[in-house]
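Visitor: Could you take me in for a close look at the pockets in this model, and then at the parts around them? I'd like it explained as you would at the bench.

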Amino acid sequence: MTDTMTAYSDGDIDTNFSTASPHLNELVDARYSRRQALLGGISAATVAVFGGVMLSACGSSAADAAPPVTVSAGGSIATTSGKTVTLTGTVTGAALSSGWTQVSGPPVTLTVVNAGTATFVAPSVAVATPLVFRFTGTNASNVSTTADATVTVSPAQLGFVATPKSLADMVAVPTGYSVTVLYRLGDPILSGAGAYANDGSDTMFSRRAGDHHDGMSYFGLAASGSAPDPTNSSRGVLAMNHENITPAYLHVGGPTSPGGVRPEAEALKEMECHGVSVVEVSRGGTAWSYSASSSLNRRVTPLTQMRFNGPVRGDAALKTVFSTDGTSGRGTINNCANGTMPWNTYLTAEENWAGYFKRETGDVATRGGASAKANVSLARYGIPENRPGNYGWATVVPADTASTIYTRWNVTARAGQPADGTGDFRNEAFQFGWIVEIDPFDAASTPRKRTALGRMNHEGCQIGRTVAGVRPAFYMGDDATNEYIYKFVSTAVWSAADATATDRLAIGDKYLDAGTLYVAKFNADGSGQWLPLVFGTGPLTAGNPAYAFSSQAEVLINARLAGDALGATRMDRPEWTAVNPATGEMYCTLTNNSTRNTGNTDAANPRAYTDPKSTGGQTNGNANGHIVRLREAGDTTEATSFAWDIYAFGAGSDLDSTNINLSGLDATNDFSSPDGLWFGLPSNISGQNTPIMWIETDDGAFTDQTNCMLLAAIPGTVNDGGTRSVTNTIGGASGTQSTRIGKVPGTTLKRFLVGPKECEITGIHSTPDGKSLFVNIQHPGEGGNAASISSNWPANQSGTPATGSRPRSATIVITRDDGGIVGL
């Protein structure tokens, strides 16, 4: 690839053939060209024409005419998107200057290392694409010589060696990556909260990080410190859920209940450990930290004032003694997955909220018998009679006798109180099960419960691709066994200007308070329909025998009952949803289903089998889960039909490859119980053309072989595989089920991270540049207690022994040691 520049004839014809003396045209032919004149300017042109003849006349030597340099651009280079490419040019001869420029291909930013060397990050491409770069060397006479180098960029690949399975009490990541512990249970974020003792004596959790870190979003922060900057990768705001608690470690000797009554201080601490954190974070050099004094810092807990918006606002079902008009409420709880809105707000999903409520024996009769609508609804959502309620909060006798923050957890209808619920908390359970929107840039704002998106065990809310003039869709799973997948399509069409609006919750009003909620039906032939949950259509009327719907509000409050009536497909615990930013395809994790058997499978939930454990025992049903994906008809979020297949089946690599390990997983990528799911951001290469999909696990079936994990995948597209017939066997029963599977992932799926003991890997987001990945580690050591601690993470993450240190849920930051994009 060496090209030494030479002069060329400009076409003049010389008819003087005498060799006695050179004609001027011969000097021109030998020494000068238009190209040299343009490249070298007047002085170079003069030297080129007259060489040493004129220079001698002026007293100079012929040796002053610098000879041309010879350059080389090195050999051809093959690379993949996201990799750093180094261009190395060499110059032979005395050079005045040298350097690189791009000639063709997708434009990149060249970083100059020295005169002969430049680097760039290979751009995102969908197919192999050549980029041409030119190395130029210029001699002392200002004459340039060039050579070209071709760099062929192929689509992104996972650029790390898979992390082995592990049972160690440590977060393990690939070679070349580092882990920083950023934000832990109990870390103070508001004034008044001191350093965390981590011995069970700490209080004031409304001013500290909560427990069980879960879904999470990063929002870039402007230099003003109070407004969004979606491009800022060194300073931002993290909003994250605190789903639940590990009470054994929150109190000095664990929780107590003397005489069946919970102490108020313990119950208050447990409540405040739930909810959401909003905390400012920043990077100084390569180190991330959080600000304990930022004005944006906030805790949203089960005690925080809430506002209801949408069709259910003011409905009779929301009325309580606290909110007699049904327009407000207190708090959010069991917040699991999340959603990041393009107008810079945070959506948090209320998941297993039903378990917190106490309901006394006799309440069914008080409410009118088993067929009464309230009783049908409470039973369908998992609140039967004679249940104590998680953590026994309703038993607290508060010091302030006027306080209702504990009695609200008892939904038993009280005799002598108004039937409309305004005298007690019989309707309190209907205030939960919603998607909640929070403005992370306004700590004084009131979060809004978006009732148009339906009431269920919400597992996140992922917006589809936004296209100007098209109504956006929001995808959700209902995380319970045999529940449904939903989407909400807004009435409003998307306008890009809304992404920069300053009244962010008002934009949420625009897109989230009016629209159509749908539930998914998966057909055996790979097609599917979105069935509208609209009052007055089909069976969603007062004539429905299972539940007599009387309004759109009742349909939304009882989305599960509406899905039942429409014949939607019951799924294997639908959890997180994620949308491929390049294709618009929606993925949903189906974590597991212990009730699947050989007689009740279907095409979208095709496996029922026995998975033995090496430590003894076994799990039956769909123990390892799978990931389903769908592509909307016409690739539009407004579609009412779709195509689907199963991207990957969880399984140990040692399980039957014909009927269980259908995705051909091996030791580098076998997994179980997929839960968290997220695609890289389109602001960097990990979210462009062939994006990375991150898969997190919450497992109980595979824990004899490994702790929970994070995997990276570069998935294909719906229907890139084929059909498969599966023979399911449990005990002596067997059955056959046809299904649709994606292509075998192979090296496009790798294990990236393994967590510490007894944890769940959950919650994930990144900076806009993709160079810092935030991941949450939930409930490490959950099987232990204060007297028998089973994990010392994160105190031991640095490698220093931390015997006796209680485990803490925490947020970590993962970076590449070379500063590159994580995963590529």
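Guide: One definition before we go in: helices here are DSSP runs of H or I with at least four residues, strands are E runs of at least two, and both are numbered from the N terminus. Also keep in mind that this is a predicted model.

Let's begin with the second largest pocket, which has a volume of about 440 Å³. It is lined by 23 residues, and Ala317, Arg367, Ala374, Asn427 and Phe430 are the ones closest to its centre. Which helices each supply at least two residues of that lining? They are α6, residues 373-380, and α8, residues 552-557. The largest share comes from α6, with 3 residues. Sorted by class, the lining has 10 nonpolar, 6 polar and 7 charged residues.

Those two helices turn up again when you look at α9. Both α6 and α8 are part of what covers the buried residues of α9, and strands β23 (473-478), β24 (481-483), β25 (485-490) and β26 (515-522) are included in that cover too. Helix α9 itself spans residues 559-566, and its buried residues include Ala559, Arg560, Leu561, Ala562 and Gly563. Just after α9 comes Gly567, which takes a positive phi of about 80°.

Now for the largest pocket, with a volume of about 920 Å³. Its lining counts 39 residues; Thr340, Met341, Pro342, Leu681 and Pro682 are the closest to its centre. Strands feature in this lining: β11 (213-220), β18 (335-340), β22 (458-463), β29 (574-579), β35 (674-679) and β41 (760-766) each give at least two residues to it. The class split here is 21 nonpolar, 16 polar and 2 charged.

Pick β18 from that list and follow it into its sheet. This is an open sheet of 6 strands with mixed pairing, ordered β17-β16-β21-β20-β19-β18. The edge strands are β17 (328-330) and β18, each pairing on one side only. From one strand to the next, the twist averages 35°. At the β17 end, that strand is joined to β16 (residues 305-309) by 3 bridges, with the two running antiparallel. One pairing to click on there is Met306, whose bridge partner in β17 is Gly329. A helix lies across part of this sheet as well: α7, residues 504-512, sits over β16, β19 (346-350), β20 (435-438) and β21 (448-450), and runs at about 15° to β21.

Back to the strands of the largest pocket's lining, this time β41. Glu760 has its place in this strand. Is Glu760 buried or exposed? It counts as buried, because its relative accessibility is 3%, and the cut-off for buried is under 20%. Setting aside neighbours within four places in sequence, the contacts of Glu760 are Asp675, Thr697, Asp698, Cys708, Asn776, Ile777, Gln778 and His779.

Glu760 also gives us a way to pace out the model. Between Glu760 and Ala118 there are 43 Å in space, C-alpha to C-alpha, and 642 residues in sequence. Jump to Ala118 and you land in β7, where Ala118 is the bridge partner of Val112. Thr111 has a partner in β7 too, namely Thr119. Strands β6 and β7 (residues 117-121) pair antiparallel over 3 bridges, and 2 residues make the hairpin connection between them. Both belong to an open sheet of 3 strands, ordered β3-β7-β6 and paired antiparallel. Its edges are β3 (84-88) and β6 (111-114), which each pair on one side only. Direction ignored, neighbouring strands in this sheet are turned by 25° against each other on average.

For a last stop, here's another hairpin. Strand β38 (residues 722-730) and strand β39 (residues 733-741) run antiparallel and are joined by 9 bridges. Among the paired residues, Thr723 has Arg740 as its bridge partner in β39. There are 2 residues between the strands of this hairpin, and Gly731 takes a positive phi near 60°.

Methods
Residues are numbered from 1 along each chain as its sequence is written. This is a predicted model: local features need pLDDT of at least 70, side-chain atom pairs count only at pLDDT 80 or more; totals for chains, interfaces and linings use all residues. Side-chain values use heavy atoms; hydrogens and water are left out. On a 1 Å grid over the protein atoms alone, a cavity is a set of points where a 1.4 Å probe fits but cannot get out, and a pocket is an open set with protein on both sides within 12 Å along at least five of seven lines; lining residues have an atom within 4 Å of a point. Grid points are joined across faces, edges and corners, and a volume is the space filled by probe spheres set on the points. Ala, Val, Leu, Ile, Met, Phe, Trp, Tyr, Cys and Pro count as nonpolar, Asp, Glu, Lys and Arg as charged, and the others, Gly among them, as polar. Two strands pair if DSSP finds at least two bridges between them. Buried means under 20% relative accessible area, exposed over 50%, partly exposed in between (1.4 Å probe, protein chains only). Contact means heavy atoms within 4.5 Å. Axes are lines fitted to C-alpha atoms, for helices over the stretch in contact, and angles run from 0 to 180 degrees between N-to-C directions.
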